[in-house]
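Thanks, everyone, for making the time this morning. I would like to walk through one model with you, with the sequence and the coordinates on the screen, and go through its charged pairs, its core and its cysteines.

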Amino acid sequence: MSRQAESAAGEEEEEEEEEQQNQLPPPPYHPSAPSDALFDISTTVDPSYVISLIRKLLPSGISSSIRSHGVDVCDSSDQGSKGEGTEESVLPASENGTSNSSNGEYEAMDTVQHEGASVGEEAWEEYGCILWDLASSRTHAELMLHSRIPVVISSRNCEGGVKMIEITVARGSQVVRKTDTSVWVKYLCRTRVGHGLDMACWTYLVQNLVLEVLLASLMVSQSARVTEIGLGIIGNLACHEVSRKHIASTKGLVEVIVDQLFLDDTPCLCEACRLLTLCLQGSEGVTWAEALQHEHVLSRVLWIAENTLSTQLIERCVGLLLAVLESQQEVSAVLLPCLVKLGLPTLLINLLAFEMSKLTGERVPERYSVLDLILRTVEALSVIDGYSQELCSNKSLFQLLKDLVKLPDKIEFANSCVTAAVLTANILTDAADLALEISHDLLYLQGLFDIYPFASDDIEACSALWSIVASLLVQVEENEMSPSTLHQYVSILVSKSDLIQEELIDHQLDGSTTLSAKLSARTTALKRIFGILTHWRDLNDHIKGSSFMVENHVNEEDVNRLLDCCRKYTK
């Protein structure tokens, strides 16, 4: 055939190809992917770096399978759809079942077999502590659980009818070759390349299995420091709701964490208690309560709280007990009966007595938070039906609360004083006869008024204070007491008149139904103050020259101003 004929034939073939291409439907429109399908996590931490940290903590001898576990493949044209055959290996595993991510390639672990020996403390100090810090951030915590990774996929024909799929992931790339009979490759070719699209941008959702790695390490670790770091990472993950759900659903992890309560290492116990406290307060609290409900486990918790010398561990342990009381009702219903049976009320009172002995001696600021936490736990128990009576009838507890309120210089432990006042009000509700015991304690009355400024932002606490003052002053019979005793009451009330007036101005109750009880207690207290001051003023002319009046002078203008204030707020 001549060159001219060959040229003409070639031109005809090109024209035919152009006509065929023109007859093909236009390529579909591919809109931009929504934000939830893009890798738009606002963080400077590279996902491959997080994965590499997790891999460095794998116990030696542990085998893992590098797969796109639960892969969610998304691209701009088919959001939320999953490619067929998602169990196919995306990145090839090395001979020992793991793959190196040092080249910036994203990998995911499908399974972790819990066997082998833990890596050394040096690795945990270097890599584990970084994960511990990262887990405190919700964004990084989610990144540690799974990563959505941008993937560029291109396809081309090779000799022998073989399709070659090239997957480019971030900074690295791997080539995966599949025959054209592969369901996965045929899916790609049909949905992407078949419409004239040679390249597609997808995202992979890979499971990083950090919890499985930590579980494996906790099961084989012989190092207290490694265990502490592992529990610390899980504890920080538990600060976030999504992570808590993953923790509770990881097979075997809940039971292994509970087992850590039987360690004798203080830092490990601190992290275990912190972790359990966070998990009990989440929506999966019942799962954790069921794991903790065994008597030997709860006995261990109480034993730790009673015997440890570590301030931090006492705080964490009591915090765990408080979480039991303040969590959803189903949690307390599972754990509280056994705890009370094992002596929880007595333990709390003993702990309070110990902290009070420290407070009345050489004050240690580090212990103030422990004191407040114990009081909050006692308060939480005092409002639960069926368990308050044992506390209300305990004279030692009531005496401890009185001693705390009477202490001077309350500013350093002001929160504890406010909590003590609320607890006292709860006790007086069930044991009104105790009000007579404190009605003659003028130092206690003075201490109550000193608490008002610290409770100014808490309406419930202010209401509790007014309730105590009302219960106390109702027992005062000014007509029956000596002039000197009456004068002492008046002296205290007038000296605290500024605090009383400021509190009344700050909390001007409107008398609504929800505030009626608070208004009633406050009105009762003000009426009693008004009655005591009025009786003193009536007797004033007869006792002006007495020695105790001279030594304990009371400004009559202050008395009149307080009387006017009481009159105004009792109308």
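Glu478 and Arg528 are both buried, and I start with them because these two residues form a salt bridge whose closest N and O atoms lie 2.6 Å apart, within the 4 Å that the criterion allows. The pair connects distant parts of the chain, since Glu478 sits in the loop between α22 (459-474) and α23 (483-495) while Arg528 belongs to helix α25 (residues 516-543), 50 residues apart. Please keep in mind throughout that this is a predicted model.

How many salt bridges are there by this rule? The count comes to 17, and I will pick out a few of them.

One is between Arg367 and Glu355, where the closest N and O atoms are 2.7 Å apart. Here Arg367 is in the loop between α15 (344-360) and α16 (368-382), and Glu355 is in helix α15, twelve residues apart. As for their surroundings, Arg367 counts as buried at 12% relative accessibility, and Glu355 is buried as well, with a relative accessible area of 4%.

Another is the salt bridge of Glu412 with Arg363, for which the closest N and O atoms are 4.0 Å apart. Glu412 lies in the loop between α18 (395-406) and α19 (414-430), and Arg363 in the loop between α15 and α16, so that the pair links parts of the chain 49 residues apart. Both residues fall in the partly exposed class, Glu412 with a relative accessible area of 49% and Arg363 at 26% relative accessibility. There is also a network of salt bridges, which links Glu125, Arg225 and Glu228.

Staying with the loop between α18 and α19, I would point you to Asp409, which lies there. Asp409 has a positive phi of about 50 degrees, although it is not a glycine, and at 61% relative accessibility Asp409 counts as exposed.

Let me turn to the interior. Which residues touch the most other members of the largest nonpolar core? They are Ile233 and Leu404, out of the 154 residues in that core, and the largest share of the core, ten residues, is contributed by α22. If we set aside its neighbours within four places in sequence, Leu404 is in contact with a list of residues that includes Met356, Leu359, Leu371, Leu375, Phe413 and Ala420, and also with Lys410, Ser416 and Cys417.

Helix α8 (residues 241-249) shows how a single helix is placed, and its buried residues are Ser243, Arg244, Ile247 and Ala248. These four are on the same side of α8 because they cover an arc of only 135 degrees around the axis. The buried residues of α8 pack against α4 (138-145), α6 (210-220), α7 (224-237), α9 (253-259), α10 (266-280) and α11 (285-292).

Finally, the cysteines. A disulfide is a covalent bond between the sulfur atoms of two cysteines, and by the rule applied here the count comes to zero. Why is Cys566 without one? The cysteine sulfur closest to that of Cys566 is in Cys565, at 5.8 Å, which is too far for a bond because the cut-off is 2.5 Å. Cys566 counts as buried, at 1% relative accessibility, and Cys392 likewise counts as buried, at 4%.

Terms used: Residues are numbered from 1 along each chain as its sequence is written. This is a predicted model: local features need pLDDT of at least 70, side-chain atom pairs count only at pLDDT 80 or more; totals for chains, interfaces and linings use all residues. Side-chain values use heavy atoms; hydrogens and water are left out. Buried means under 20% relative accessible area, exposed over 50%, partly exposed in between (1.4 Å probe, protein chains only). Helices (H or I, at least four residues) and strands (E, at least two) are DSSP runs, numbered from the N terminus. The arc is that of the directions from the helix axis to the C-beta atoms. Contact means heavy atoms within 4.5 Å. A salt bridge is a side-chain nitrogen of Lys or Arg within 4 Å of a carboxyl oxygen of Asp or Glu. A nonpolar core is a set of buried Ala, Val, Leu, Ile, Met, Phe, Trp, Tyr and Cys residues joined through side-chain atoms within 4.5 Å.
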